[in-house]
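Thanks for making the time this morning. I would like to walk through a few local features of one structure, taking the strands before the helix, so please have the sequence and the model in view.

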Amino acid sequence: MTKYPFYALLLFRLMLPALGAEADLAETPIALTTDPAIIFHDILLSLDETPVSEHAFILAQMEKQIKQTPRDWDQLPDMMNLYSLGQMTIGNKVKGEQILKYVDKHYPSSNSEIIFEAVHPDCDKCSGKGTIKVLCPTCKGSGTRPSISPGRKACASCRGAGRILKSCHTCKSSGKKYSQERAKELYGKLLAAYKRAAEGENEASPVNAPGPFSVLNSGWRVVSSDADLTEISWKCDVVNNRHEDLTFDVEFVFYDAEGFDIGSDQDFGFQVKAGATSTCTGRTTLKPSVQQQIESFKVKVTKR
Ligand SMILES: [Zn+2]
Ligand SMILES: [Zn+2]
């Protein structure tokens, strides 16, 4: 019964084209996409919508897709990083770690090293030192050499300290310990970030920049106002995280206290050079009575 929600969803999706579209089916050729961006987008959304306990099946599809995708597709390292976190989340530690190491070797500019460190926090047994202090077995902690003669001398094993350093068994002296909990946490955050990105609400991601861009420093102000019109200027900084020039459609939307959209302005075809940050600005006019209702705003940025 636990598999019910996923299969129900799958069944629902398979049925969708059949509902109310029977007449068109014969004439409409089925378009099979080969665009990895579209295929991975669908995979990411199904991962996000499905309970983690059911992810193994979708991850297997993702693995198949990764093998078929051209090695130079710019989002492939991010997809592989996410896939590795998925594997660790469902219990395949070794597989997940191997992929992170592979990505780090072949795509050194990706986030795989940061992710690897994040899922290997400091060992709690030795606090990351790789060694622990234990009672000296020779002097049992007294620091002195057992002797029947008066004037005991310092213990040779611990030089009088009573404690000696021993390598930590828990982390095999590395000071780091793999954490499946961390992998699961990061995996969930990344999936949520991808979902928000797919919905056009971009923001700084949990691990630097798995997305192609980030949006910072957005805001608006009144430029001038009279009885009929209030002129508003708005701005946001768009950071291009990629090694290629990108073009965006930027929409600035104003909301009232109830969350209703009461005005918006757009800049279509906004360009940002590879690795650069550019400020997107615009001006719009609203009735003064409408402007006074502005409670919040949202910047929706879509990569072309
Ligand atoms: Zn000792
Ligand atoms: Zn340790």
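**Strands, a helix and one residue**

Let me start with strand β5, residues 246-255, which is joined to β8 by 8 bridges, the two strands running antiparallel. If you want a landmark in that pairing, take Val250, which stands opposite Val301 in β8. Before going further I should say that this is a predicted model, and that everything I describe should be heard with that in mind.

Stepping back from that pair, β5 belongs to an open sheet of 3 strands, ordered β6-β5-β8, in which the pairing is antiparallel. The edges are taken by β6, residues 261-272, and by β8, residues 296-303, each of which pairs on one side only. From one strand to the next, the twist averages 15°.

There is another open sheet of 3 strands to look at, with the order β3-β4-β7 and, once more, antiparallel pairing. Here the edge strands are β3, at 213-225, and β7, at 277-286, and each of these pairs on one side only. Neighbouring strands in this sheet are turned against each other by 15° on average, with direction ignored. Within the sheet, β3 and strand β4, residues 230-240, run antiparallel and are joined by 10 bridges, and a useful landmark is Val215, which stands opposite Val238 in β4.

Now to the helix. Helix α3 covers residues 36-49, which makes 14 residues, and from its first C-alpha to its last it reaches 20 Å, close to the 20 Å expected at 1.5 Å a residue. Which residues of α3 are buried? They are Phe40, Ile43, Leu44 and Leu47. These residues lie on the same side of α3, because the arc they cover around the axis is only 100°. As for what covers the buried residues of α3, the elements include α4 (55-68), α5 (76-89) and α8 (180-198).

Finally, a single residue, Thr131, whose place is in strand β1, residues 131-135. Thr131 has 14 other C-beta atoms within 10 Å, and is therefore partly exposed, since a residue counts as buried at 20 or more and as exposed at 12 or fewer. Leaving aside residues up to four places away in sequence, Thr131 touches Cys126, Leu165, Lys166, Ser167, Cys168 and Ser173. Among these, Leu165 is 34 residues from Thr131 in sequence, yet the two are 6.1 Å apart in space, C-alpha to C-alpha.

Conventions
Residues numbered from 1 in each chain as written. Chains lettered and ligands numbered in written order. Predicted model: local features only at pLDDT ≥ 70, side-chain atom pairs only at ≥ 80, totals over all residues. Helix = DSSP H or I, 4+ residues; strand = E, 2+ residues; numbered from the N terminus. Expected span 1.5 Å × (residues − 1). Arc of directions from axis to C-beta. Contact = placed C-beta atoms within 7 Å. Pairing = 2+ DSSP bridges. Axes fitted to C-alpha atoms, helices over the stretch in contact; angles between N-to-C directions.
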